[in-house]
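Hi everyone, thanks for making time for this. Let me put the structure up so we can look at it together.

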Amino acid sequence: IDSLEKQLNDSDEELKKKDEALINAEEKIKEYKQEHQQNEAKNEAGVENELLSKEITILQEELKKKNEALINAEEKYQAEIDRLEKELNDSKAMHILSKMRTYLD
C-alpha cells in the first residue's frame, strides 16, 4: 500500500508538473499570438506609409509640372503684354507724328 501511495503521489506530482508546463505553454502561445498580431499591424502600417509616401511623391511631381506650366504661361503672357505695349507706344508715336505733320503743313 505504501508503494502504491508513493506511486500515486509521484503521479500527482508529475500531473502537477505537466499541468504547469501546459499552462506555461498556453501563456507562451498567447504571447506569440499577440506579438504576431502586433507585427502584422506594424507591417500593415509600414505598407500604408510606403503607399502614402509614393502618393506624396507623385503629387509633388504633378505640382512641380503645374508650377512649371504656370511659369511658362506667365512668361508667354508677359511677352505678349510687352509686345502690345510696344505696338501701342509705336502707334501713339505715329499718331503724334501725323498730327505734327498736319500742323506743320
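Which side chain does Glu80 meet in a salt bridge? That would be Arg83, with an N to O distance of 2.6 Å. Please keep in mind as we go that this is a predicted model.

Let me stay with that pair for a moment. Glu80 and Arg83 sit three residues apart in helix 1, so about one helical turn separates them. How covered are they? Glu80 is partly exposed, at 34% relative accessibility, and Arg83 is also partly exposed, at 41%.

Now let's move along to Lys86. Its salt-bridge partner is Asp90, and the closest N and O atoms of the two are 3.0 Å apart. Here the spacing is four residues in helix 1, which again means a separation of about one helical turn. Lys86 counts as exposed, with 53% relative accessibility, while Asp90 is partly exposed at 37%. There is a network to point out as well: Glu80, Arg83 and Glu87 are joined into one by salt bridges that share partners.

Let's go back towards the start of the chain. Where does Lys6 find its partner? Its side chain meets that of Asp10 in a salt bridge, at 3.3 Å from N to O. Because Lys6 and Asp10 are four residues apart in helix 1, they too are separated by about one helical turn. Lys6 is exposed, with a relative accessible area of 52%, whereas Asp10 is partly exposed at 37%. And how many salt bridges turn up in a search of the whole structure? The search finds five.

As a general reminder, side chains of opposite charge can pair when their charged atoms come close.

Next, the surface patches. Which residues form the negative one? Asp12, Glu13, Asp19 and Glu20 do. Asp12 belongs to helix 1, which covers residues 2-104. Asp12 is partly exposed, with a relative accessible area of 35%, so it passes the cut-off of over 30% that patch residues need.

There is a nonpolar patch too, of about 410 Å², and Met94, Ile96, Leu97 and Met100 make it up. Met100 is in helix 1 as well. With a relative accessible area of 45%, Met100 is partly exposed, and therefore it also clears the over 30% requirement for a patch.

So, to recap: we have salt bridges such as Glu80 with Arg83, a negative patch that includes Asp12, and a nonpolar patch that includes Met100. Thanks for listening, and I'm happy to turn the model around for anyone who wants another look!

Note on methods: Residues are numbered from 1 along each chain as its sequence is written. This is a predicted model: local features need pLDDT of at least 70, side-chain atom pairs count only at pLDDT 80 or more; totals for chains, interfaces and linings use all residues. Side-chain values use heavy atoms; hydrogens and water are left out. Patches are made of residues with over 30% relative accessible area and no salt bridge: like charges are joined within 9 Å, nonpolar side chains (Val, Leu, Ile, Met, Phe, Trp, Tyr) within 5 Å. Accessible areas come from the Shrake-Rupley method with a 1.4 Å probe; for residues, only the protein chains shown count as cover. A salt bridge is a side-chain nitrogen of Lys or Arg within 4 Å of a carboxyl oxygen of Asp or Glu. Lys and Arg count as positive and Asp and Glu as negative; His and the chain ends are not counted. The place of a charge is taken as NZ of Lys, CZ of Arg, CG of Asp or CD of Glu. Helices (H or I, at least four residues) and strands (E, at least two) are DSSP runs, numbered from the N terminus. Buried means under 20% relative accessible area, exposed over 50%, partly exposed in between (1.4 Å probe, protein chains only).
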